[in-house]
Amino acid sequence: AVPLVVTITTTLGARNGILIRDRLALEIVRQVDVVVFDKTGTLTEGRFGIVGIKTVAGMDEASALALAAAIESDSEHLIAQALRHTAHQRGLILPKISSFEAIKGRGVRALYDGKEVYVGGPRLLEMLHLDLPEEIAAFTRAEEAKARTVVYLCADSQVWAAFAVADTLRPQSREAVQRLHQMGIEVAMLTGDSLAVAKAVAEDLGIDRFYAEVLPEDKERKIAELQSQGKRVAMVGDGVNDAPALVRADVGIAIGAGTDVAIESAGIILIHSNPLDVVSVITLSRASYRKMI
Ligand code: ADP
Ligand code: MG
């Protein structure tokens with residue numbers, strides 16, 4: 001039989017926008033040592049807009065944006081949505097593109113005029129062995145210092161343009177980190193984004209440690225690594241990429257606005273997508289299970 005206090009707690013949670021899919025998750029979340037947050041879509045809203053474009057000499061911004069948006073036409077990624085949205089806003093006509101292919105944690109590839117064309121971040125450049133032209137490198141440094149994600153248009157073994165995408169922190173993220181610290185819990189961040197962007201966000205929020213440019217399959221490995229140090233880990237995420245890490249963690253917590261895959265992989269769901277609800281869940285768990293013993 002389900003203890004009465006658990007039923008009451010589950011109901012209480014639901015009333016506050018906290019859905020408990022797995023009762024065991026609620027029971028053990030009171031004992032976590034570390035809360036690991038995904039960055040994009042979890043600590044941030046994940047609603048991107050293109051706020052800057054830099055092209056190499058000879059390429060105009062409109063053509064670069066139109067081509068990048070076309071390459072991204074098949075991708076569900078938030079960065080893809082931002083490029084398409086901005087191209088549409090500017091009334092651009094997209095060139096004909098074929099053979100789309102997502103390259104997990106790096107970007108996308110397509111065929112344009114029989115040639116391979118790419119859009120992606122630093123891990124894509126690494127894969128293609130491409131260096132940034134100095135004018136674009138300067139743009140990247142300036143934008144990343146402002147915590148903006150930069151992605152690149154690549155073709156013919158060259159980087160042609162860079163796009164700065166802005167995302168905003170969720171208003172409750174900073175307080176969530178502070179409150180967890182007050183509860184004696186360590187806070188970490190995992191992201192596929194670049195080192196500079198991750199550093200800017202982590203410093204802003206007061207996060208203890210962060211891991212940047214993490215490929216999707218390595219998110220799970222990072223969780224396992226923390227566990228092997230004897231820590232009990234809660235993972236909070238929203239994306240398809242977070243699913244294995246959510247399953248691996250002692251407690252998986254999904255953001256309500258996230259993908260179905262993330263939600264199905266988590267024991268607890270925060271309906272309002274509010275990072276402060278992580279604090280509420282732990283408080284609820286501590287209060288309930290103290291009563292039970
Ligand atoms: P996260 O959700 O942790 O930010 P992802 O694994 O989704 O990480 O993406 C990591 C990085 O890979 C992005 O910051 C970006 O640089 C690049 N990337 C992934 N998918 C795309 C895409 N469709 N278009 C452009 N860049 C992408
Ligand atoms: Mg995310």
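A residue is called buried if 20 or more other C-beta atoms lie within 10 Å of its own, exposed if 12 or fewer do, and partly exposed in between, with C-beta atoms placed from the backbone. By that count, 46% of the 293 residues of the protein chain are buried. This is a predicted model, in which local features need pLDDT of at least 70, side-chain atom pairs count only at pLDDT 80 or more, and totals for chains, interfaces and linings use all residues. Residues are numbered from 1 along each chain as its sequence is written, while chains are lettered from A and ligands numbered from 1 in the order in which they are written.

**Overall form**

The protein chain has 13 helices and 13 strands; helices (H or I, at least four residues) and strands (E, at least two) are DSSP runs, numbered from the N terminus. Its radius of gyration is 21 Å, close to the 19 Å that the globule rule gives for 293 residues, so the chain is as compact as a globular protein of that length. The radius is taken over C-alpha atoms, and the globule rule is 2.2 Å times the number of residues to the power 0.38. Along the principal axes, the C-alpha atoms fill a box of roughly 70 × 30 × 30 Å. Two residues are in contact if their C-beta atoms, placed from the backbone, lie within 7 Å. Of the contacts between residues at least 6 apart in sequence, 59% join residues at least 24 apart.

**The seven-stranded sheet**

Two strands pair if DSSP finds at least two bridges between them. Seven strands form an open sheet with mixed pairing, in the order β1-β13-β12-β11-β2-β9-β10. At its edges are β1 (18-20) and β10 (209-211), each of which pairs on one side only. From one strand to the next the twist averages 20°; axes are lines fitted to C-alpha atoms, for helices over the stretch in contact, and angles run from 0 to 180 degrees between N-to-C directions.

Four pairings of this sheet are listed below, each with one bridge partner pair.

| Strands | Bridges and sense | Partner pair |
|---|---|---|
| β2 (34-38) and β11 (233-237) | four, parallel | Val34 and Val233 |
| β11 and β12 (251-255) | four, parallel | Val236 and Ile253 |
| β2 and β9 | five, parallel | Val36 and Ala188 |
| β9 (186-190) and β10 | three, parallel | Met189 and Phe210 |

A further partner pair joins Leu190 to Tyr211 in β10. Strand β11 is mostly covered, with five of its five residues buried. Val233, Met235 and Gly237 point one way from β11, whereas Ala234 and Val236 point the other way. Strand β9 is also mostly covered: four of its five residues are buried.

**The six-stranded sheet and α4**

The other open sheet has six strands in the order β3-β8-β7-β6-β5-β4, with antiparallel pairing. Because β3 (49-55) and β4 (98-103) stand at the edges with a single partner strand each, one side of each has no neighbour in the sheet. Neighbouring strands here are turned by 20° against each other on average, direction ignored. Within this sheet, β5 (residues 107-112) and β6 (residues 115-120) run antiparallel and are joined by six bridges. One of the facing pairs is Tyr112 and Lys115 in β6.

Helix α4 (residues 61-71) packs on this sheet and touches β3, β5, β6, β7 (149-155) and β8 (158-166); its direction makes about 120° with that of β3. Which residues of α4 are buried? They are Leu65, Leu67, Ala68, Ala69, Ala70 and Ile71. These buried residues pack against β3, α5, β5, β6, β7 and β8.

**Pro95**

Pro95 is found in the loop between α5 (78-89) and β4. Because 14 C-beta neighbours lie inside 10 Å, Pro95 counts as partly exposed. Leaving out residues up to four places away in sequence, Pro95 touches Ala66, Leu67, Ala70 and Tyr112. The C-alpha atoms of Pro95 and Ala164 are separated by 21 Å, and the two residues are 69 residues apart along the chain.

**Surroundings of ligand 1**

A residue is near a molecule if its C-beta atom, placed from the backbone, lies within 6 Å of it. Of the 24 residues around ligand 1, those that come nearest are Thr40, His77, Gly105, Gly121 and Gly192. At least two residues of this shell come from each of α3 (39-43), α5, β5, β6 and β7. The shell has six nonpolar, twelve polar and six charged residues. Here Ala, Val, Leu, Ile, Met, Phe, Trp, Tyr, Cys and Pro count as nonpolar, Asp, Glu, Lys and Arg as charged, and the others, Gly among them, as polar.
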